[in-house]
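Reader: I have a model open on my screen and would like to learn how to read it. Could you walk me through some of its features?

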Amino acid sequence: MAPDGSVPHRGTVVMVPGFMGSKEDFLPMLPLLGRAGYRVVAIDGRGQHETGGRHPLASYARGELSRDIAAVVEAVGDGPIHLLGHSYGALLARVAVIQTQGDPALWRSLTLMNFGPAEVSDHQCERLRLLLSVLGSMPLEDIWPFLEGRESSVPDEVRTFMRDRWIANDPSHVKAAAEQLLTESDLTEGLSALRLPKAVVSGSPDLTWPPDGVRKMALALSARLITVPEGGHSPNVHRPDETAAALAEFWDSSTHH
């Protein structure tokens, strides 16, 4: 902390949310990251929540969406930035970094949160195929009751927000994201060749990607593996203090990489 009580600026982070998620998923971590000196820009992806709108399916190709991320970074104008993607957002973040060949003018580090090397687990594949089978015949509002969790600990206002967020999505975005999660290739080798600091955050328990594959990916990437017990699929929500502290420590070390 500076003598005047201000926090020195240590860097800027762009955060990309996952499938069925939005920028609000990162809110629990913001106070701690701010106190650690990091400016955070969390976004909704194209066709997601408040970015909304309706677009043709082709506009949701992962290459198009990853170019959106690079465009956001250039618009933020505070590069190079620390890029963090959560789940499906990590799939897109990885493509963005590979497409730009790890350009050091854009990226200071890459963090993949609760993401695996390729397609999702068999259990999640079944759920996504079921979703795709009804997307064309049911509006998102009618699909929500089948997706909604029944955790009694979730406040009513949060449950309402999650429903409204889901309904605001472009169905074409939902379809494209589900198909990409079902068919993603293992890009670990190409990513490992890029010389930028990498971290893999693994909240547990998480059934979305097999944990053994996540650990092997981190090892192959020479990435820092940050484990968050009881963080579930969204350690940013369920264990924000521990997750934010570990991320700030990683980003601090990356600055001097």
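Author: Happily! Keep in mind that this is a predicted model. Let's start with Trp107: leaving out residues up to four places away in sequence, Trp107 touches Ile69, Ala70, Val73, Pro80, Ile81, Leu83, Ala96, Val97, Thr100, Gly102 and Leu196.

Reader: Which residues have the most contacts inside the largest nonpolar core?

Author: They are Phe19, Leu83 and Trp107, in a core of 49 residues. Helix α3 (residues 88-99) gives the most to this core, with seven residues. Apart from this core lies another, of 17 residues, including Met29, Val228, Leu247 and Trp251.

Reader: Now the aromatic rings, please. How many aromatic pairs does the structure hold?

Author: A pair of aromatic rings is described by the distance of the centres and the angle of the planes. The structure holds two such pairs. In one of them, Phe115 and Trp209, the ring centres are 5.0 Å apart and the planes stand at 65 degrees; planes over 60 degrees apart count as edge-to-face, so this pair is edge-to-face.

Reader: Where do Phe115 and Trp209 lie?

Author: Phe115 is in the loop between β4 (107-113) and α4 (122-135), while Trp209 is in the loop between β5 (198-204) and α9 (211-220), so the pair ties together parts that are 94 residues apart in sequence. Both Phe115 and Trp209 are buried.

Reader: Let's try a helix. Which residues of α6 are buried?

Author: The buried ones are Arg159, Arg165 and Trp166. Viewed down the axis of α6, the buried residues fall within an arc of 125 degrees, so they line one face of the helix. That face packs against α4, α5 (140-147) and α7 (171-183). On the other side of α6, Asp156 and Glu157 are exposed.

Reader: And how many residues does α6 have?

Author: Helix α6 (residues 156-168) has 13 residues, and its span from first C-alpha to last is 18 Å, close to the 18 Å expected at 1.5 Å a residue.

Reader: One last check, on a single residue. Is Thr188 buried or exposed?

Author: Here the cut-off helps: buried means under 20% relative accessible area. Thr188 has 9%, so Thr188 is buried. This residue is found in helix α8 (residues 188-192).

Reader: Which residues is Thr188 in contact with, leaving aside its neighbours within four places in sequence?

Author: Thr188 is in contact with Arg94, Pro117, Met217, Ala220 and Leu221, with those sequence neighbours set aside.

Notes:
Residues numbered from 1 in each chain as written. Predicted model: local features only at pLDDT ≥ 70, side-chain atom pairs only at ≥ 80, totals over all residues. Heavy atoms only, no water. Phe/Tyr/Trp six-rings, centres within 6.5 Å; stacked < 30°, edge-to-face > 60°. Helix = DSSP H or I, 4+ residues; strand = E, 2+ residues; numbered from the N terminus. Buried < 20%, exposed > 50% of the residue type's maximum accessible area, 1.4 Å probe, protein only. Contact = heavy atoms within 4.5 Å. Expected span 1.5 Å × (residues − 1). Arc of directions from axis to C-beta. Core = buried A, V, L, I, M, F, W, Y, C linked by side-chain atoms within 4.5 Å.
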